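Student: I should like to learn how a metal site and a ligand site are read in a structural model. May we go through them one at a time?

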Amino acid sequence: MIPVKGYAAKAAHAPLEPYQFERRTPGPHDVLIDIRYCGVCHSDLHKVRNEWGEGLFPMVPGHEIIGMVEQVGSSVKKFKVGDCVGVGCLVDSCGSCPSCKDGLEQFCDGPLVFTYGAYEKDGKTITYGGYSNKIVTREDFVLSISPKIPITQAAPLLCAGITTYSPLRHWKVGPGQRIGVLGLGGLGHMAVKLAAAMGAEVTVLSSSDKKRGDATRLGAHDYVVTSIDENLKKYACHFDLIINTISTAHGLPKFIELLKRDATMVMVGAPDKPEPFHAFPLILKRRSIAGSLIGGIRETQEMLDFCAAKGVAAEVELIPINQIDNAYERMLKGDVRYRFVIDMKSLT
Ligand code: NAP
Ligand code: ZN
């Protein structure tokens with residue numbers, strides 16, 4: 001077994017604290033990764049605070065993992081010692097259901113193994129995530145990171161990047177389309193950069209005026225302060241697609257009105273409470289509300305290669321791991337510019 005140092009919540013709502021555990025000795029198809037950076041996703045906060053239901057504790061969060069290959073199993077073909085690699089939200093899936101066969105492992109009929117807070121395929125070993133110094137992952141779930149992507153800015157691509165890239169691709173976003181990005185946090189800022197890189201006209205829909213300058217710098221063409229109803233009226237029937245990244249209940253109906261006829265609002269934000277809405281705004285303009293979950297491994301690699309080619313990476317604030325609870329509090333206040341990333345050198 002491999003001894004590992006990390007940070008864990010021992011119980012729901014508990015602050016994170018140093019935690020030592022073991023990972024499996026790498027098998028023939030495994031890669032041992034020395035973790036250098038791990039992004040802090042709002043999902044980590046939802047999960048540590050048990051907002052999505054029964055969590056498995058102790059919980060070592062973290063599913064935006066960047067590191068260097070330290071050891072490879074005898075059958076590993078794609079990676080060698082010293083490669084820069086990533087691990088996102090998934091570490092295993094059944095491999096044989098229709099979704100897995102289509103490269104959409106995130107929709108696997110099961111067993112689907114999330115990077116932390118889940119059971120391995122054996123049904124009893126709890127997975128531990130990237131707030132730690134080492135991880136052992138099956139080669140098929142390891143991503144290759146181009147040296148063109150600055151290593152400190154790469155981690156958020158593994159969740160925030162793919163979660164916004166996947167719906168932009170699925171709904172065929174490109175030049176001539178108006179895309180609304182609702183909420184300018186970790187996911188939102190990646191949605192802006194990616195949609196702009198795909199040639200779309202991007203509007204940030206933010207709850208305050210505070211991020212206007214940043215939005216322009218990130219590539220947005222327009223900015224709307226959503227807390228003022230008059231502002232929203234001017235954008236009625238305006239967007240071809242809205243990517244909704246808001247992490248909490250926020251009053252959905254007024255945003256549905258911003259969609260054109262036949263347009264879609266994609267929910268990627270995952271609030272713990274339901275969002276009620278009327279059927280009429282959907283009926284009268286044949287609008288859709290859809291959801292999207294991260295992305296498959298093939299598409300995640302495609303997104304990473306797209307980012308390398310287009311010069312897209314995350315805007316990050318590096319933090320030492322002992323600042324994680326403070327980072328969560330700032331995230332709850334919307335005070336993130338635009339992703340906290342833990343520098344694993346701070347893990348002693
Ligand atoms: P984040 O960095 O905290 O950003 C969320 C943004 O939502 C905030 O920056 C804020 O933007 C806006 N917001 C927050 N509270 C609000 C309120 N009360 N009213 C209006 N706007 C509010 O979070 P994140 O990491 O981007 O994650 C966002 C959500 O996506 C979370 O629920 C997370 O669990 C979920 N998620 C889903 C997937 C998936 O596969 N579907 C993957 C990853 C994460 P403004 O300041 O601009 O208003
Ligand atoms: Zn995430």
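Student: What spacing do the donors of the zinc ion (ligand 2) follow along the chain?

Tutor: Donors are N, O and S atoms within 2.8 Å of the metal (3.2 Å for Na, K and Ca); water is not among the atoms, so sites may look incomplete. In this predicted model, the donors of the zinc ion (ligand 2) follow the pattern C-x21-H-x95-C. Coordination comes from Cys-41 (SG), His-63 (NE2) and Cys-159 (SG), at 2.0 to 2.2 Å. Residues are numbered from 1 along each chain as its sequence is written, chains are lettered from A and ligands numbered from 1 in the order in which they are written. Local features need pLDDT of at least 70, side-chain atom pairs count only at pLDDT 80 or more, totals for chains, interfaces and linings use all residues, and side-chain values use heavy atoms, with hydrogens and water left out.

Student: Are His-63 and Cys-159 buried or exposed?

Tutor: Buried means under 20% relative accessible area, exposed over 50%, partly exposed in between (1.4 Å probe, protein chains only). Both His-63 and Cys-159 are buried.

Student: Which residues are the closest to ligand 1?

Tutor: A residue counts as near a molecule if one of its heavy atoms lies within 4 Å of it. Ligand 1 is surrounded by 27 residues, the closest being His-42, Ser-206, Ser-207, Lys-211 and Arg-339.

Student: Which polar side-chain atom lies 2.6 Å from an oxygen atom of ligand 1?

Tutor: A polar contact with a ligand is a pair of N or O atoms within 3.5 Å. The side-chain atom belongs to Arg-339. Leu-184 has a polar backbone atom 2.7 Å from an oxygen atom of ligand 1, and a backbone N or O atom of Ser-292 is 2.9 Å from a nitrogen atom of ligand 1.

How values were computed: Polar contact = N/O pair within 3.5 Å; in protein donor to acceptor, adjacent residues only side chain to side chain.
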